[in-house]
Amino acid sequence: MSLTDAGAALLPEAHAALDAVWAARDAVRGNQGTLRGAIDIGSMTAAAVMDLPALLLVPTGHRLASRRRVALHELADEEFVDFPPGSGSRDLVDQAFTTAGVRRRVSVEADIASAAAYVRCGLGITLLPEFAVPDTPDLSVLAVGDETLRWTLSIATSSTRRPSAPLRALLELADAYASTAPEEPDLHDLGSGDRKSATDHKE
């Protein structure tokens, strides 16, 4: 089925009319103190909210646990806990190791909430953004000497449609966070128990 010439000419106006209806409904709901609605996906524009370096988590008994920083080549043939293939973080890490010519093995696939637990159990090491690093005495946290290993959180919005009230509220929160985002993590504040294992030894 295809549109007639008249239908094709009417389509942009129909989209605009529907957008106006959604905008009117959002305005009414906003005045009622509620924010509900759908976020339509079409042509998208992405804006970064935070950008953090990936940090290496190892068990405190690991050969690298006393270090502050490691290079990728020092991680050759390590067993890794990582996200499933196809995820953005996995692709980022895989590409960094491939570019560096370093071989690694992924022994366990996990999500961002459980990866550290697998490391704690000795099943591998992992790379996580700072906000996902748990405060626990049985893990050490190291910086990685590769500037391409950075974790970026972005919000994608339609570039052709007026944002709904819920989306505008989300974007305002994101802007507020981005304007007050903390500086890059200080390893003094991360990792094992008394914080000494990741900070009191030279590279």
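Buried means a relative accessible area under 20%, exposed means over 50%, and partly exposed covers what lies in between. The exercises below apply these classes, among other things, to a predicted model.

**Exercise 1. Classify Asp77 as buried, partly exposed or exposed, and say what is notable about its phi angle.**

Step one is to place the residue: Asp77 lies in the loop that connects β2 and β3.

Step two is to apply the classes: the relative accessibility of Asp77 is 40%, so this residue counts as partly exposed.

Step three concerns the backbone. Most residues other than glycine have a negative phi. Asp77, although it is not a glycine, has a positive phi of about 70°.

**Exercise 2. Describe the overall make-up of the protein, beginning with how many helices and strands there are.**

Begin with the count, which gives 4 helices and 7 strands. Reading along the sequence then gives their order, α-β-β-β-α-β-α-β-β-β-α.

Next consider burial and surface: of the 203 residues in the protein, 35% are buried, and the protein exposes about 11,900 Å², of which carbon and sulfur atoms supply 56%.

Finally, look at how distant parts of the sequence meet: among contacts between residues at least 6 apart in sequence, 77% join residues at least 24 apart.

**Exercise 3. Find which strands pair with β1, and in which sense.**

Take the partners one at a time. With strand β7, which covers residues 150–158, β1 is joined in the antiparallel sense by 9 bridges, and within this pairing Met50 stands opposite Leu153.

With strand β5, residues 126–129, the pairing is again described as antiparallel and has 4 bridges; here Ala54 faces Pro129.

With β6 there are 5 bridges, also antiparallel, and Leu57 has Val141 as its bridge partner in β6.

**Exercise 4. Follow the chain from β3 to β4 and state the handedness of the crossover.**

First establish how the two strands run: β3 (residues 79–82) and β4 (residues 105–109) are parallel and are joined by 4 bridges. One of the pairs to look for is Phe80 with its bridge partner Val106 in β4.

Then trace the connection, in which the chain leaves β3, passes through helix α2 (residues 88–100) and arrives at β4, forming a β-α-β crossover that is right-handed.

**Exercise 5. Locate the largest nonpolar core and show what surrounds Leu56, one of its members.**

The largest nonpolar core has 18 residues, and those with the most contacts inside it are Leu56, Leu72, Leu75, Phe97, Leu127 and Leu149. At least two residues of this core come from each of β1 (44–59), α2 and β6 (139–144).

For Leu56, set aside the neighbours within four places in sequence; the residues in contact with Leu56 then include Val70, Leu75, Ile125, Leu127 and Val144.

To complete the picture, note a second, separate core of 14 residues, which includes Leu55, Leu57, Ala110 and Val141.

**Exercise 6. Work out how Glu78 is linked by polar contacts to His62 and Arg63.**

Start with the positions: His62 belongs to the loop between β1 and β2, while Glu78 belongs to the loop between β2 and β3.

Now check burial against the cut-off of under 20%. The relative accessible area of His62 is 17%, so His62 is buried; that of Glu78 is 12%, so Glu78 is buried as well.

The polar contacts come next: the side chains of Glu78 and His62 are joined by one of 3.2 Å, and the side chains of Glu78 and Arg63 by one of 2.9 Å.

Lastly, leaving out residues up to four places away in sequence, His62 touches Glu78 and Ile125, whereas the residues touched by Glu78 are His62, Arg63, Arg104, Arg105 and Ile125.

**Exercise 7. Decide whether Arg90 is buried or exposed, and find what its side chain reaches.**

The residue sits in helix α2. With a relative accessible area of 10%, Arg90 falls under the cut-off and is therefore buried.

The side chain of Arg90 reaches the backbone oxygen of Phe83 at 2.7 Å. Beyond residues up to four places away in sequence, Arg90 touches several others, including Asp82, Arg104, Val106 and Glu109.

As a last step, compare sequence and space: Arg90 and Leu127 are 37 residues apart along the chain, and their C-alpha atoms are separated by 9.6 Å.

Terms used
Residues are numbered from 1 along each chain as its sequence is written. This is a predicted model: local features need pLDDT of at least 70, side-chain atom pairs count only at pLDDT 80 or more; totals for chains, interfaces and linings use all residues. Side-chain values use heavy atoms; hydrogens and water are left out. Two strands pair if DSSP finds at least two bridges between them. A crossover is right-handed if, with the strands pointing away from the viewer, the path from the first strand over the helix to the second runs clockwise. A nonpolar core is a set of buried Ala, Val, Leu, Ile, Met, Phe, Trp, Tyr and Cys residues joined through side-chain atoms within 4.5 Å. Buried means under 20% relative accessible area, exposed over 50%, partly exposed in between (1.4 Å probe, protein chains only). Contact means heavy atoms within 4.5 Å. A polar contact is a pair of N or O atoms within 3.5 Å; within protein, one must be able to donate a hydrogen and the other to accept it, and residues adjacent in sequence count only if both atoms are side-chain atoms. Accessible areas come from the Shrake-Rupley method with a 1.4 Å probe; for residues, only the protein chains shown count as cover.
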